[in-house]
Amino acid sequence: MSALAVGVDVGGTFVKFGLVDPLGRVLREDRMPTEPEKGPRHFVRRAKRLLKGWRYGSLGLALAGCVESRTGYLLFVPNMRCWEGFSFKRAFGAHTAVENDANQKYPTLWSFANFMEQSFGVQTMAQGGYGRFFGAGDD
């Protein structure tokens with residue numbers, strides 16, 4: 001399996017794609033309109049078509065709203081209600097991680113804080129009041 005990964009930032013207007021190496025260097029980028037009114041299956045078909053030919057081992061999707069990360073289901077999103085109840089992990093395959101977009105940003109900072117042996121904490125708050133606390137360092 002390739003060590004490269006694709007990050008997908010799904011916004012209400014545009015979806016941004018980035019192919020990154022293990023050091024976080026962006027090797028390739030692309031974007032497409034989201035077209036949320038056409039539903040999640042339409043989005044998945046178009047995303048797979050865009051990613052055809054990209055060589056990667058895993059894919060991470062960042063979505064607004066409440067996401068059940070283990071199964072990849074989008075539980076609630078105020079601006080794309082017709083996407084609720086859809087499993088992006090099932091649609092994209094086993095090597096897919098799905099997370100709330102606000103929460104997706106902080107694990108990298110957490111890793112950096114551990115590396116620098118510094119304390120770190122942040123509380124995310126996303127649409128619909130869904131959020132998570134990330135922390136590292138002293139208890």
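In the predicted model examined here, valine 67 has leucine 74, a residue of strand β6, as its bridge partner. This pairing belongs to a larger arrangement, in which strand β5, covering residues 66–68, and strand β6, covering residues 73–76, run in the antiparallel sense and are joined over three bridges. The two strands form a hairpin with four residues between them, and within this hairpin glycine 72 adopts a positive phi near 80°. Just ahead of the hairpin, alanine 64 is placed in the loop that connects β4 (58–63) to β5. Alanine 64 has a relative accessible area of 14% and therefore counts as buried, the limit for that class being under 20%. Although alanine 64 and glycine 12 are 52 residues apart along the chain, their C-alpha atoms are separated by 8.5 Å.

The hairpin is one part of a chain whose secondary structure consists of four helices and nine strands. Followed along the sequence, these elements are arranged in the pattern β-β-β-α-β-β-β-α-β-α-α-β-β. Of the 139 residues in the chain, 39% are buried, and the accessible surface amounts to about 8,300 Å², with carbon and sulfur atoms accounting for 53% of that area. When contacts between residues at least 6 apart in sequence are considered, 50% of them join residues that are at least 24 apart.

The interior was examined next. In soluble globular proteins, nonpolar side chains tend to be buried together. The largest nonpolar core of the model contains 27 residues, of which Val8, Val10, Phe17, Phe43, Leu61, Phe88 and Phe92 touch the most other members. Several elements contribute to this core, since β1 (5–10), β2 (14–20), α1, β4 and α2 (88–92) each supply at least two of its residues. Helix α1 gives the most, with five residues. A view from a single core residue is offered by phenylalanine 43, which, when neighbours within four places in sequence are left aside, is in contact with Val8, Val10, Val15, Met32, Leu61, Trp83, Phe88 and Phe92.

Charged side chains were considered separately. Side chains of opposite charge can pair when their charged atoms come close, and a search of the whole structure finds four salt bridges. One of these is formed by arginine 46 and glutamate 35, whose closest N and O atoms are 3.6 Å apart. Because arginine 46 lies in helix α1 (residues 40–51) and glutamate 35 in the loop between β3 (26–33) and α1, the pair ties together parts that are 11 residues apart in sequence. The two partners differ in their exposure, as arginine 46 is buried at a relative accessible area of 10%, whereas glutamate 35 is partly exposed at 23%. Both residues also belong to a network of salt bridges that links Glu35, Lys38 and Arg46.

Two further salt bridges can be described in the same terms. The side chains of aspartate 21 and arginine 25 meet with an N to O distance of 2.6 Å, and aspartate 21, with a relative accessibility of 9%, counts as buried. The side chains of arginine 81 and glutamate 84 likewise form a salt bridge, with an N to O distance of 2.6 Å. In this pair, glutamate 84 has a relative accessibility of 25% and so is classed as partly exposed.

Note on methods: Residues numbered from 1 in each chain as written. Predicted model: local features only at pLDDT ≥ 70, side-chain atom pairs only at ≥ 80, totals over all residues. Heavy atoms only, no water. Buried < 20%, exposed > 50% of the residue type's maximum accessible area, 1.4 Å probe, protein only. Contact = heavy atoms within 4.5 Å. Areas by Shrake-Rupley, 256 points an atom, 1.4 Å probe, with all protein chains shown as cover. Pairing = 2+ DSSP bridges. Core = buried A, V, L, I, M, F, W, Y, C linked by side-chain atoms within 4.5 Å.
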